Structures are given as C-alpha cells and as structure tokens.
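Here is a short tour to read with the structure open beside you. We will start at one helix, move on to a sheet, and finish with some helix packing.

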Amino acid sequence: MKAIRVEEFGEPGVMKLVEVPMPEPGRGQLLVKLHAAGVNPVETYIRAGTYARKPALPFTPGNDGAGVVEKIGEGVSEFRPGDRVYLAGSSSGTYAEYALSGVAQVHRLPEKASFAQGAAMGTPYATAYRGLVQRGGTQPNDIVLVHGASGGVGTAAVQIAVARGMHVLGTAGTERGRELVREQGAHEVFDHHATDYLASIKKATGGRGVDVILEMLANVNLGHDLTILAPRGRVVVIGNRGRVEIDARETMSRDADIRGMVLPNTPPDELASLHAALVAGLDDGTLRPVVGKELSLREAPQAHRSVLEPGAFGKIVLLP
Ligand code: NAP
C-alpha cells in the first residue's frame, strides 16, 4: 500500500509517498481502508521534531481518518468488514491507504457524513467537545467565546455550542473566515486582528463578560482573555505556541480559572462518552464538519504548510 513516511524530522518535504507493507490487524485491532485523512497542526510539530512526544523513526503521520473496515482482528465484535467508520487514533498512521486502529479508536460514521467530514472528527471535534463540555463545564445559556473559530477545532466548537443552547461569540482573522463562523451559527462574530475587538466582545455581553473562552492561541491572547471573563469565568487553553505574560489579579477579582487540556489526557470513559455524543450529533445533523481543502496524499507537504497559514477555513484533508 502507499503511505507517507517520515525518515527524519524536519521541513514538510521530509514527508515522502512510498510503498510500504500492508499492516495486519492483531487482537482487538481493525484494518481500515481510508477514504480521507485529517491534517492537524500537531502533526506539523511532530514532523518537525519540536513536539514533546516524538515517535520512533521512520513513521507515518496522522491520527484522524475515515473509511471502510477492511479486516477485523481477533476479539473484535463491534464492527464488521464493510462498516463506515471514522478513526480517532491509529498505531500505523492515517496518511496512508490503510490504517490500523484499536477498537476503542474506531467509531461509526453515519451515512449523512462524507468520508472527508469523518476525517474531521477524531481530533478537532473531540477537542472542541472536550474543551467546551468536559473541561469548560459549560451549560445552556452560557456565553461562550470561541477564540479562533474559523479552523478545524473552532468550527466544531461553534456547532457544538449552538446545538447545546449557548450564546456563541466567535473570532476569525479574515472576512471569509468570519462568514464561515456566522454560517456555523455563531450569534456574533469578531476580527481577532482588530484593535478594539476585545472591547466589542465585552460590550456584546452587556458588560458582564464571557463565561467560557476556548482559546486557540494562548501565547497571544491569554492575558487579554482574563480581562473579558465574567465572574467565575474559565479560559480553556486548547492552542498555544509560546510564552505569555498574564496579570494574575485578573483571575483573583473574578474567581476565574485557566484550564489547560490536551486530548490524549482524556480518560477512556470520558473519551467514549464524548465520541457517543459526536456520533449522535452527526446522526441528527447538528454536527456538519466543514471541509475547506482536499489534497492528495502526495500533497501532504503542502497540507502541512497550509494548516499553519493564517486564514483558516474549516478542515484540511488528504485523499489517498
Ligand atoms: P486550524 O484549523 O489551523 O485553525 C487555527 C485557528 O486559530 C483559526 O481559527 C485561526 O483564525 C485562529 N487564530 C489565528 N490567529 C489567532 C489569534 N490571534 N487569536 C485567536 N485565534 C487565532 O487549527 P485547529 O485544528 O483548529 O487547532 C487550533 C489550535 O489548537 C492549534 O494550535 C492546535 O495545535 C491546537 N490543538 C490543541 C489540541 C489539544 O488537545 N489541546 C487539540 C487540537 C488542536 P484565522 O486563520 O481566521 O486568523
């Protein structure tokens, strides 16, 4: 089968499309024929060798994908060959024609969702749900700011928050991105590059502030986020690319929390619960992943450059 291989950490060009042996599912594993693989920012950090967790070389990148079950290993009774599924993790990597996953990493993909949409579930939707519901502790009627709402996690978070009855504010850096955020149901949309946008957000809450902020770029925004929180407000740090200075007094005066998260820390029972909610959302149509760009597997280097560029527009996927 064809797969992207990384032989050494480095620039996007270290990802090469090569022929590799077809993996065989072991006990509790499934082999899935992929129709789409999701591209996430974290895979660029791993490829560059700058991420805390470094895989052994050589490796095939990718945690997310969607396709059809090809083969099941011993002890797998939850799925059969031919089932449509999405993957939220893979031991062999999803930038490939086929991928191996453990049964707990495989979830039913409803007919309503395309394979490209399924490739948006594993990391972005799971992160959005984890941040908003499990870490953020949001409730219907809360005011939520999705700070960076135009990308994979942001569009997911807006859809989930709207479906759960929250008042949703979102930001994006381009007009095209802001229009996309509005289309996902955000009640008000702001430009995170405008000089006065924080004041506009505060004003949009009637001066009370925001209950929960889902933060995609904490190194730029965390200090400012604290100033627009409501009493007992929370900032959930999802994305961060450097150091940041904050005034801790802003948390004291509000009894506010800063809550970090990384998806791999999610306990198995909470992960299973989260994916059950996501599959239900695909079934009832409240979750509709936005696929902004489709590239071939060979174009993985281009996908890694694009996912870090400004002007996000939903999800980037690779089509094997
Ligand atoms: P993405 O699709 O590339 O989207 C990036 C988002 O960040 C876009 O909405 C972008 O908006 C926005 N952004 C850019 N500059 C910003 C600013 N100054 N203030 C606020 N937002 C800004 O990436 P993603 O998949 O949604 O992931 C978002 C971040 O979360 C990444 O850093 C990723 O590594 C991280 N992440 C963390 C976890 C975790 O477990 N903690 C899981 C998944 C992702 P414009 O392009 O419109 O400016």
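The buried residues of helix α7 are covered by a set of elements that includes β8 (143–147), α6 (197–204), β11 (210–215), β12 (229–237) and β13 (257–260). Please keep in mind that this is a predicted model. The points below take up α7, then the sheet, then two more places where helices pack.

**Helix α7 and its covered side**

- Helix α7 spans residues 218–225, and its buried residues are A218, N219, N221, L222 and D225.
- Around the axis these residues take up an arc of only 165°, so they lie on the same side of α7.
- As general background, an α-helix has 3.6 residues a turn, so residues three or four places apart point the same way.
- One residue to pick out in helix α7 is N221.
- N221 counts as buried because its relative accessibility is 9%, below the cut-off of 20%.
- Leaving aside residues up to four places away in sequence, N221 touches H147, Y197 and E215.

**The six-stranded sheet**

- Several of the strands that cover α7, among them β8, β11, β12 and β13, also belong to an open sheet of six strands.
- The strand order is β10-β9-β8-β11-β12-β13, and the pairing is parallel.
- Strands β10 (188–191) and β13 are at the edges with a single partner strand each, so each has one side without a neighbour in the sheet.
- On average, neighbouring strands of this sheet are turned by 20° against each other, with direction ignored.
- At the β13 edge, β12 and β13 are joined in the parallel sense by four bridges.
- If you would like a residue pair to look at, V236 has R259 in β13 as its bridge partner.

**Helices α3 and α4**

- Helix α3 (residues 121–135) packs with helix α4 (residues 152–163) at an angle of about 55°, and their axes are 8 Å apart.
- That angle makes α3 oblique to α4.
- The two helices, α3 and α4, have a right-handed crossing.
- On the α3 side the contact is made by P124, Y125, T127, A128, Y129 and L132.
- Their counterparts in α4 are G152, V153, A156, A157, Q159, I160 and A161.

**Helix α10**

- Helix α10 (residues 300–307) is mostly covered, with six of its eight residues buried.
- The buried residues are A300, P301, A303, H304, S306 and V307.
- They pack against the strands β1 (2–6), β2 (15–19), β3 (29–39), β14 (291–296) and β15 (315–319), and against helix α1 (41–48).

Definitions and conventions. Residues are numbered from 1 along each chain as its sequence is written. This is a predicted model: local features need pLDDT of at least 70, side-chain atom pairs count only at pLDDT 80 or more; totals for chains, interfaces and linings use all residues. Side-chain values use heavy atoms; hydrogens and water are left out. Buried means under 20% relative accessible area, exposed over 50%, partly exposed in between (1.4 Å probe, protein chains only). The arc is that of the directions from the helix axis to the C-beta atoms. Contact means heavy atoms within 4.5 Å. Two strands pair if DSSP finds at least two bridges between them. Axes are lines fitted to C-alpha atoms, for helices over the stretch in contact, and angles run from 0 to 180 degrees between N-to-C directions. Angles under 35 degrees count as roughly parallel, over 145 as roughly antiparallel, 65 to 115 as roughly perpendicular and the rest as oblique. A crossing is left-handed if the near helix is turned anticlockwise from the far one by less than a right angle, and right-handed if clockwise.
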